[in-house]
Amino acid sequence: MGIEKYLVATDVLCSRELPAEDCGWDTDIGGPGYRTAELAASHGLPVADAAVRATEAERLYEDREALATRLTERWGEPSLMGLQTIRLRIAAEAIPEPWARLSHLVRDAYVWQEPELGRWIVLGVADRDRADEIRLLLTVTETDPP
């Protein structure tokens, strides 16, 4: 998917109602007040060698940067949020979704607050689990970052 298609997917995701309860689709996952879409994913990488995996991760990080540039034109400068601290806090406190789930998937993410609806837009690359595909994820949520 190219940047223009990512932008269309972003517009669709931002304009949709957020679910009231947990639900899932082929490439989307949602729960109370949030929805996460998989914009792009690697294929066959859980069994690939490290060099192939690194190349694919680099490609998806480049896509993240290109999409972030376009979203910054719309919503202004994002925050770059490291999610490791959220992941560590899960042991001691209740972290709301989608933040808890994202902290297990994504190392860091760009975060904007969309001005019209006040929703949070989160863009990151899920590459923490070497046994899983690498994915470019976009989350829209009404839940403030912890």
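**Entry 1, the fold.** I started by reading along the sequence, and the protein follows the pattern α-β-β-β-α-β-α-α-β-β-β. I note here that this is a predicted model. My tally for the protein comes to four helices and seven strands.

**Entry 2, overall size.** I looked up how much room the chain takes. Along the principal axes, the C-alpha atoms fill a box of roughly 45 × 40 × 30 Å. Then I checked the radius of gyration: a compact globule with 146 residues would come out near 15 Å, and the protein has 15 Å, so the two agree.

**Entry 3, inside and outside.** Next I wanted to know what share of the residues is buried. Of the 146 residues, 46% count as buried, which here is under 20% relative accessible area. On the outside, the protein exposes about 7600 Å². Carbon and sulfur atoms supply 51% of that exposed area.

**Entry 4, contacts.** I took the contacts with a separation of 6 or more and looked at how far apart the partners sit in the sequence. Residues 24 or more positions apart account for 57% of these contacts.

**Entry 5, empty space.** Rolling a probe the size of a water molecule over the atoms shows where empty space is left. How many cavities of 30 Å³ or more does the structure hold? I found one. The largest cavity has a volume of about 40 Å³.

**Entry 6, the cavity lining.** I wrote down who lines the largest cavity: Leu-105, Ala-126, Asp-127, Arg-128, Asp-129, Asp-132, Glu-133 and Arg-135. Sorted by type, the lining has six charged residues, two nonpolar and no polar.

Definitions and conventions: Residues numbered from 1 in each chain as written. Predicted model: local features only at pLDDT ≥ 70, side-chain atom pairs only at ≥ 80, totals over all residues. Heavy atoms only, no water. 1 Å grid on protein atoms, 1.4 Å probe; cavity = no way out; pocket = protein on both sides within 12 Å on 5 of 7 lines; lining within 4 Å. Points joined across faces, edges and corners; volume = space filled by probe spheres on them. Nonpolar A, V, L, I, M, F, W, Y, C, P; charged D, E, K, R; others polar. Helix = DSSP H or I, 4+ residues; strand = E, 2+ residues; numbered from the N terminus. Rg over C-alpha atoms; globule rule 2.2 N^0.38 Å. Buried < 20%, exposed > 50% of the residue type's maximum accessible area, 1.4 Å probe, protein only. Contact = heavy atoms within 4.5 Å. Areas by Shrake-Rupley, 256 points an atom, 1.4 Å probe, with all protein chains shown as cover.
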